[in-house]
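Trainee: Could we walk through this structure together, one question at a time?
Mentor: Gladly, let's bring it up on the screen.

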Amino acid sequence: MARAPGVPGSNATAEAAAALSRFRRILENNNRIIERIARLEQALGGEYIFDQAFLDTSLDQLTGLVREVIYSLNAISGQRYQGLYQRFTEIVNHLADLASGGPGPYDRQLALPYRLLNRDLDYLVGGKNAVLAEIGNQLQIATPDGFAITATAYHLCLAAGGLGERIDAVLAGSTDNSAKARAISALVRQAELPGELVAALTGELAALKARHPETLGVAVRSSAVGEDGVRSFAGQFLSLLDIVPEPASVLAAYRQLLASRFAAPVLDYLEPTARAADIPMAVAVQTMVPARCAGVLYTRDPAHPTEEVMLVGAVFGHGARLVDGSAPADRYLLSRRHPFGLHHSEIVDRAADPEFIAAFAPLERTSSGRRRGSALLLPDQLRELAEIGLLLEKSFDGPQDLEWVVGPGGLVLLQCRPLALPVALPPPPEAVAAELKLATVLLHGRGQVVQLGIAAGPVVQVTPDTDPASFPVGSIAVAHQASPRLSPIVRKAAAIITEIGSPTGHLATIAREYRTPALFGVGESCMLLPGGREITIDVENREIYAGRIEGLVLSEAADADLHLQSAEVRTLRRMLRWIAPLNLIDPAAPDFTVAGCRTLHDLIRFCHEKAMDSLISLHEEGKILAAVPSLPLEVAIPIRIRIIDLDGGLAKDNLGEEVRPEQVRSRPFAALLTGMLREGFWDREPAPFAFKDLMGSLGRPLSQIVNPPGYSGDNLAIVAADYVNLSLRLGYHFNVIDAFLSEEVEDNYIYFRFVGGFAEEHKRGRRLDLLAMILASLHFKVERQGDLLVGKAKILSPAEMTETLTRLGELVAFTRQLDVRMGEEGAVENYYQLFLEQVRGESGAGRHA
């Protein structure tokens, strides 16, 4: 037997088998990690109660599994990714601090750029900074760039020279609050700011100016800890605009904001016992946005909160003119449902607005008495505002009050805070039951719950290639597979339904991160839920109804997430920032690197992708398999294939000197063979090489024509029960198909690489066009570079994997030496249709007739 112990090459076989075993171990641990992340996210979503012991145990399990994944990848790749250990250690140290109740990695920082902030740092930078940075960083909505001067800096100022003690002495006095405010303002003006703070502010300001050299001024705004929270402090603290972006000017503005923490209205607002250390004043330093117009958006009309409308107010110039009432405002009522139609508008006659008249020549009046074109917001801008409003409602769990500005680059969000409205009561259960009794059930009991929730909206069918910008916010996405490339759409969707996918996949993590109701693995949803159809989905009960079930939607809106305020939940949410987000989505992106790994999820995503690449290159590099013995495959097709069995790829009984097709136990290789053995796809006629084809080949390096790769000789299949790497040299082109087929949908993939050919360049190009067209129809992501074509398909069910691999087997036969026949302009389309006919078995003629 070729694989008998002691035969030369057995060690190489064992080494190759060990590499495949480690790859399987990576997949197994990857699934375990994703399952544990999903459990943490479900706990955060309120699906069950947990305690500190749960957090500690979960962290121990996760770190052990991730460490093993990193080890396995380095074992496969020849220790190529040692840097992962350092990234892993840094992330785990942050997690250990958070799990123990620590403040996290930034608590001693005096100033922090917005790129490092998120909403869970509100205790350090105040809610205004934290929320605005979250919106810009996570939701990719335009916000001003800037940095936060932290609450740590505030406490440092109080400690310097005993300033805090002197302020407390004033606060404890018997004078009225106006007198206390004047006295404290004087103390703040006279105090020397700590040198560490001056240095930190100067450094962040210089970095901000380097990122925005065109900036002529900055805004210095309050972001006190607790502001816009249970107490809004609306209008109580100071904000200063158009401050010269130099350290002295910004430091002077910072002093004014510190003093505004103790202004008389603020002291009246607080309890008499409040001390200087209470409500620490963090500060925002932001780039100024030149304002054409500005205003507010209430995602529900405060006067009619139960109606499905939004309220927009707009003034010419900066929004301060709206807040202080110095300028009248346009008023718009918009529908809350796409396409966000305009219900009502009131446009101000600006003939008496001196700032408007100074900027624009007066326009003629229409028959209605208004001036033509005097509305400040165009329909597209109103729609954009409405979309942003709905996104922020979903992200921050309820109606929102937004401040915005329209600058030279378009709409920019300046602030987002909860909109205080009367508590909505859920509809009576009997009313909901009566509505459900009359409802039409489209799908029942199908799929797997990924993220709980109820949503209603129109269906929009999407693919990984759908432009996220074209997806209507508030619609329900329906997709064939749960591809990570749908992540930007999940952010905008009211819910997502997929035919294929599982709660442990990458897109499932994204859905939970954005709290988008999600039901995966439904099957046939693309057929049953056509685009444009209004539906309601109840994920928990796995029910999809025709139309909008108002009672369910209102019940969901009235269900307050009070558990989100507990200490354990806050700790978990902060920990998940370093665990669950998936930043590495596209392996072709420049930041898909070790340094780009910012979370545990990033680490395992990177390891999974690089392990797959390492396995694919296992044979190409020829380092392991050059001396491995193999067996020939007994087939009646015009190519020779030898097989190396790593583990369970061939039947062990009655295995002779040759392998018969029925002895193949490798699921992916068997599927490929099914297609390759279909005689009708092979053309056995001699290829009609022309002189120009020969001359065309001479323009390429001679090595591409005459030098075979390291496995010189027959074509080679490296197989295991769930794996195949098939390397083919057919004529003058080289084809690699690498596939892993298991019951775990998220682990399944197919890699297809094709390069070379003998014919003229335009003929070779047409064959690649044909391959790309066929692969795209099989749900491959295709990339081309010169004579090289690479296709990748992932997240396919076992049945889809089998079907797709069979089609690839047929494609291997069909395209052999096809380039020399593709001289005509219409050859690509003609051969594409011929291939489809062959697949359907409808062609009775010869293949190249």
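What follows is a conversation about this predicted model.

Trainee: To get the overall picture, what percentage of the residues in the protein chain are buried?
Mentor: The secondary structure of the chain comes to 26 helices and 27 strands. Its accessible surface is about 36000 Å², and carbon and sulfur atoms hold 54% of that. Of the 849 residues, the buried share is 53%.

Trainee: And among contacts with a separation of 6 or more, what share comes from residues 24 or more positions apart?
Mentor: Here we count contacts in the protein chain and set aside separations below 6. Residues 24 or more positions apart then account for 65%.

Trainee: Let's turn to the open sheet of six strands: which are its edge strands?
Mentor: The strands are paired antiparallel, in the order β9-β8-β7-β6-β10-β11. An edge strand here pairs on one side only, and that applies to residues 342-346 and 410-418. Those two are β9 and β11.

Trainee: By how much are neighbouring strands of this sheet turned against each other on average?
Mentor: Direction is ignored for this value, although the pairing itself is antiparallel. The average turn between neighbours is 20°.

Trainee: Which residue in β9 is the bridge partner of Arg-331?
Mentor: Strand β8 covers residues 330-335, so Arg-331 falls within β8 by the DSSP numbering of strands. Four bridges join β8 to β9, and the two run antiparallel. The partner of Arg-331 in β9 is Glu-346.

Trainee: Helix α13 lies across this sheet, but at what angle does it run to β10?
Mentor: The helix spans residues 379-395 and lies across β6, β7, β8, β9, β10 and β11. Relative to β10, which covers 400-407, the angle is about 145°.

Trainee: Now for the aromatic rings: what kind of pair do Phe-50 and Phe-54 form?
Mentor: A pair of aromatic rings is described by the distance of the centres and the angle of the planes. For Phe-50 and Phe-54 the centres are 5.6 Å apart and the planes make an angle of 50°. Both residues are buried. With stacked meaning under 30 degrees and edge-to-face over 60, this pair counts as tilted.

Trainee: How many aromatic pairs does a search of the whole structure find?
Mentor: The rings also form a cluster made of Phe-681, Phe-814, Tyr-831 and Phe-835. The search over the whole structure gives a count of eight.

Trainee: Why is Thr-150 classed as buried?
Mentor: Thr-150 sits in the loop between β2 and α5. Beyond its neighbours within four places in sequence, its contacts include Gln-109, Leu-124 and Met-281. A polar atom of its side chain also lies 3.3 Å from the backbone nitrogen of Thr-152. Thr-150 is buried because its relative accessible area, which would have to be under 20%, is 0%.

Trainee: How many of the ten residues of helix α19 are buried?
Mentor: The helix covers residues 567-576 and is mostly covered. Among its buried residues are Val-569, Leu-572 and Arg-573. The count is seven.

Trainee: Finally, which residue in β22 stands opposite Ile-644?
Mentor: Strands β21 and β22 run parallel and are joined by six bridges. In β22, Asn-715, Ala-717 and Val-719 point one way, while Leu-716, Ile-718 and Ala-720 point the other way. Six of the six residues of β22 are buried. Opposite Ile-644 stands Ile-718.

Technical notes
Residues numbered from 1 in each chain as written. Predicted model: local features only at pLDDT ≥ 70, side-chain atom pairs only at ≥ 80, totals over all residues. Heavy atoms only, no water. Pairing = 2+ DSSP bridges. Axes fitted to C-alpha atoms, helices over the stretch in contact; angles between N-to-C directions. Contact = heavy atoms within 4.5 Å. Phe/Tyr/Trp six-rings, centres within 6.5 Å; stacked < 30°, edge-to-face > 60°. Buried < 20%, exposed > 50% of the residue type's maximum accessible area, 1.4 Å probe, protein only. Polar contact = N/O pair within 3.5 Å; in protein donor to acceptor, adjacent residues only side chain to side chain. Areas by Shrake-Rupley, 256 points an atom, 1.4 Å probe, with all protein chains shown as cover.
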